[in-house]
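Got your viewer open? Let's take a walk through this one, stop by stop, with something to select at each point.

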Amino acid sequence: MHFKIYIPPPDSTGCEIANAASAVVVAEGVLNSHTSAEAQRFLQKQVQLDVTAPRHVLIDAARLEYLNSSGLRVLAQIARDLRKTGRKLALCGAADPLRELVEVSGLAGLILKYESVAAAREALFE
Amino acid sequence: MSEPKATITLRSDLAEIERLSEFIAEFGEAHGLSHKDIFAFTLSLEELVTNVINYGYKGDSELPIVVTMSVHDGTVCATLDDQAPPFDPFSRKEVDTTLSVEDRPIGGLGIHLCKKMMDTVAYRFTEGHNLVHLHRVLRGPSAGVAVPSGSAEVPGDGDDNDEP
């Protein structure tokens, strides 16, 4: 089952990654009960690493193919942890069915959705 | 029955989930389902089958889980048949969406999503089998984002409703 979660190299998206107020994480493939533990470990590390200089976490989900309740639970938990220090979690560029899923899950207040990483930055840091 | 139909028999093993999602994708592609429809069935059936394996069969059963999908008059029906002790997956209380996102428990989410993705869900126990029925009216790729809230009746398809 294909799943990858990583910090993108600085030149891969054409936009400035080392942004003072946000951390970009790329999630690709299938985020389900088999892969949610890996996602949780990775994201939790980002939450902890950033404690001294809190940043929003923007997940580039353009190549995320699948997300189920197990994956949603992880995202919601991370979003709750981020909130404690005034930070937000955003899912950026996700396919329509995944955006709808967040909507019907009732978690849209926690897991923010944007068209792209750039759109999220614009909305969050205007 | 002349309607297009396909069946897969799964073992009580979480590794079977991958076969299940391949089965749904193949059925969907063969019958022109949109990406949204395939996603809705994959999500719902994976959730239900995982629950049967973990809580119904408690992981180690020799008994099968049989999933059947059919399409008729623009509606896809899926049936899940297992022989675990009687359990209605839809009997659980609705997720309380009036609670703030901070206070809301995250459990029960899978079944909540399944109900939201389907137009009708039904359960009955008969002759030692749990039978779960899912119906969804097909949405084209341009059908927009509307997912009916609550369970609606299946429009224009009154011949195949197995109400408990």
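The tour goes through chain A, then chain B, then the pockets. Keep in mind as you click around that this is a predicted model.

**Stop 1: chain A as a whole**

Select chain A and colour it by secondary structure. You should find four helices and six strands. Following the chain from the N terminus, the elements come in the order β-β-α-β-β-α-β-α-β-α. Chain A has 126 residues, and 55% of them count as buried. Now think about contacts between residues at least 6 apart in sequence: in chain A, 73% of these join residues at least 24 apart.

**Stop 2: strand E2 of chain A**

Select residues 22–31 of chain A, which make up strand E2. How many of its ten residues are buried? Ten of the ten, so call this strand mostly covered.

Next, bring up the partners of E2(A). Strand E1 (residues 3–6) of chain A pairs with E2(A) in the antiparallel sense, over four bridges. To see one spot in that pairing, show A:Phe3, which stands opposite A:Gly29. Add strand E3 (residues 56–60) of chain A: E3(A) and E2(A) run parallel and are joined by five bridges. Here, pick A:Ser22 and look across to its bridge partner, A:His56. Then add E4(A), which also pairs with E2(A), in the parallel sense and over three bridges. A:Gly29 turns up again at this pairing, with A:Leu64 in E4(A) as its bridge partner.

If you show the backbone here, remember that strands of a sheet pair through backbone hydrogen bonds, either parallel or antiparallel.

**Stop 3: A:Ile7**

Zoom in on A:Ile7, in the loop between E1 and E2 of chain A. Is this residue buried or exposed? Neither, quite: its relative accessibility is 42%, so A:Ile7 counts as partly exposed. Draw a distance from its C-alpha to that of A:Val25; the two residues are 18 apart in sequence but 4.8 Å apart in space. Setting aside neighbours within four places in sequence, the contacts of A:Ile7 are A:Val24, A:Val25, A:Phe42 and A:Gln46.

**Stop 4: chain B and its sheet**

Switch to chain B. This chain has three helices and five strands, laid out along the sequence as β-α-α-β-β-α-β-β. Of its 164 residues, 48% count as buried. For contacts between residues at least 6 apart in sequence, 65% of those in chain B join residues at least 24 apart.

Now show just the strands. They form an open sheet of five with antiparallel pairing, in the order E1-E2-E3-E5-E4. Which strands stand at the edges? Strand E1 (5–10) and strand E4 (120–126) of chain B do; each has a single partner strand, so one side of each is left without a neighbour in the sheet. On average, and ignoring direction, neighbouring strands in this sheet are turned by 15 degrees against each other.

Zoom in on the E1(B) edge. E1(B) runs antiparallel to strand E2 (residues 65–72) of chain B, and six bridges join the two. As a landmark, label B:Leu10, which stands opposite B:Ile65.

Bring back helix H2 of chain B. H2(B) packs on the sheet, touching E1, E2, strand E3 (75–82) and strand E5 (129–137) of chain B. The direction of H2(B) makes about 165 degrees with that of E5(B).

**Stop 5: the largest pocket**

Show both chains. The largest pocket has a volume of about 460 Å³. Among its 22 lining residues, select the closest to the centre: A:Ser69, A:Arg73, B:Glu47, B:Asn51 and B:Tyr55. Helix H2 (69–83) of chain A, along with helix H2 (35–56) and helix H3 (109–117) of chain B, each supply at least two lining residues. H2(B) has the largest share, with six. Colour the lining by class and you get seven nonpolar, eleven polar and four charged residues.

**Stop 6: the second largest pocket**

This pocket holds about 390 Å³ of space. Of its 17 lining residues, those closest to the centre are A:Val30, A:Glu65, A:Tyr66, B:Ser21 and B:Thr42. Strand E4 (64–67) of chain A gives two or more residues to the lining, as do helix H1 (16–30) and H2 of chain B. H1(B) gives the most, with six residues. By class, the lining divides into seven nonpolar, five polar and five charged residues.

Methods:
Residues numbered from 1 in each chain as written. Chains lettered and ligands numbered in written order. Predicted model: local features only at pLDDT ≥ 70, side-chain atom pairs only at ≥ 80, totals over all residues. Heavy atoms only, no water. 1 Å grid on protein atoms, 1.4 Å probe; cavity = no way out; pocket = protein on both sides within 12 Å on 5 of 7 lines; lining within 4 Å. Points joined across faces, edges and corners; volume = space filled by probe spheres on them. Nonpolar A, V, L, I, M, F, W, Y, C, P; charged D, E, K, R; others polar. Pairing = 2+ DSSP bridges. Axes fitted to C-alpha atoms, helices over the stretch in contact; angles between N-to-C directions. Contact = heavy atoms within 4.5 Å. Buried < 20%, exposed > 50% of the residue type's maximum accessible area, 1.4 Å probe, protein only.
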